[in-house]
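Here's a quick walk through one protein chain, going from the local turns out to the overall picture. Have the viewer open and follow along.

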Amino acid sequence: MNVASKKLFDEFDIVSSESGRQTVFAELSQSSASIMAITDDDLTFIFHIVKLEKMMLLMRPIEQSRELSADEKVFIIFSISSGQYMMKGSLKQTREGIAVFNVNIELRRLQRRKNFRVSTYQTKTIKLEIEGVGPINKPSVLLTTDIGAGGVSAIIPKSTNSTGTLGQELVCELRHSS
């Protein structure tokens with residue numbers, strides 16, 4: 001896994017109790033949440049849940065940068081009412097186009113606050129246009145992952161030639177355009 005994703009994964013708290021894991025997966029299987037998968041080479045895939053069956057998460061891709069390889073190593077991120085969660089493991093794609101992820105692995109939870117950030121990939125893709133400020137050396141369009149009262153979280157692809165570090169704040173003015 002890449003260094004930035006590994007650092008992010010380490011910031012999530014482990015969901016250690018089996019009842020806690022069961023509650024999360026029960027809510028996930030009943031939700032309409034989208035699942036984000038980030039590969040070693042920083043490609044992002046967005047999935048809708050088909051079903052959760054026998055600890056296997058079956059998902060249909062709605063956005064993908066390329067075809068999945070036979071045993072793609074990924075970080076899986078999803079948000080449900082109880083928080084944001086992350087897992088790492090292997091994602092496999094069937095001939096029918098369904099992606100399969102074994103959830104019988106370590107589950108981690110990020111949100112520790114009462115007011116959750118709104119995950120933008122659950123409803124509609126929101127793009128953030130920036131004009132080459134701070135650690136990002138050129139004008140870029142970034143895919144946002146969530147928005148909250150205190151800011152916005154965005155995926156910065158390697159192609160932006162970013163010189164920043166994970167978690168570095170970038171002050172910018174947000175303007176609405178249609």
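How many residues lie between β2 and β3 in their hairpin, and which residue in the turn has a positive phi? There are 4 residues between the two strands, and D42 is the one in the turn with a positive phi, at about 65°. Keep in mind while looking around that this is a predicted model.

## Two hairpins in a row

Start with the pairing behind that turn. Strand β2 covers residues 34-39 and strand β3 covers residues 44-53. The two run antiparallel and are joined by 5 bridges. If you want a spot to click on, I38 stands opposite T44 in β3.

β3 also has a partner on its other side in sequence: strand β4, residues 56-64. This pairing is antiparallel too, over 8 bridges, and H48 stands opposite R60 in β4. Here the hairpin has 2 residues between its strands, and K54 in the turn has a positive phi of about 50°.

## Aromatic pairs

Now for the rings. Searching the whole structure turns up 2 aromatic pairs. One of them is F45 with F47, a stacked pair with 6.3 Å centre to centre and 15° between the planes. Neither ring's residue has much solvent around it in the computed surface: F45 is buried at 0% relative accessible area, and F47 is buried at 1%.

Then there's F78 with Y85, stacked as well, at 5.5 Å centre to centre with 20° between the planes. F78 comes out buried with a relative accessible area of 0%, and Y85 is buried with 3%. The angle of 20° counts as stacked because planes under 30 degrees apart fall in that class.

## Around E27 and Q84

Is E27 buried, exposed or partly exposed? This residue lies in helix α2, residues 18-30, and is partly exposed, with a relative accessible area of 23%. That label applies because the value falls between the 20% limit for buried and the 50% limit for exposed.

Which residues does E27 touch, once neighbours within four places in sequence are left aside? The contacts are I80, S81 and S82. I80 is 53 residues away from E27 along the chain, yet their C-alpha atoms are separated by 7.3 Å.

A little further along the sequence, Q84 sits in strand β6, residues 83-93. Q84 counts as buried, at 7% relative accessibility. The side chain of Q84 makes a polar contact of 3.3 Å with the side chain of S79.

## The whole chain

Zooming out, the chain has 2 helices and 12 strands. Reading along the sequence gives the order α-β-α-β-β-β-β-β-β-β-β-β-β-β, with α2 being the helix that carries E27.

The chain has 178 residues, of which 35% count as buried. Its accessible surface comes to about 10,500 Å², with 51% of that belonging to carbon and sulfur atoms. As for how the sequence folds back on itself, take the contacts between residues at least 6 apart in sequence: 55% of them join residues at least 24 apart. The contact between E27 and I80, residues 53 apart along the chain, is an example to look at.

Key. Residues are numbered from 1 along each chain as its sequence is written. This is a predicted model: local features need pLDDT of at least 70, side-chain atom pairs count only at pLDDT 80 or more; totals for chains, interfaces and linings use all residues. Side-chain values use heavy atoms; hydrogens and water are left out. Buried means under 20% relative accessible area, exposed over 50%, partly exposed in between (1.4 Å probe, protein chains only). Contact means heavy atoms within 4.5 Å. Accessible areas come from the Shrake-Rupley method with a 1.4 Å probe; for residues, only the protein chains shown count as cover. Rings of Phe, Tyr and Trp (its six-membered ring) pair if their centres lie within 6.5 Å; planes under 30 degrees apart count as stacked, over 60 as edge-to-face and the rest as tilted. Two strands pair if DSSP finds at least two bridges between them. A polar contact is a pair of N or O atoms within 3.5 Å; within protein, one must be able to donate a hydrogen and the other to accept it, and residues adjacent in sequence count only if both atoms are side-chain atoms.
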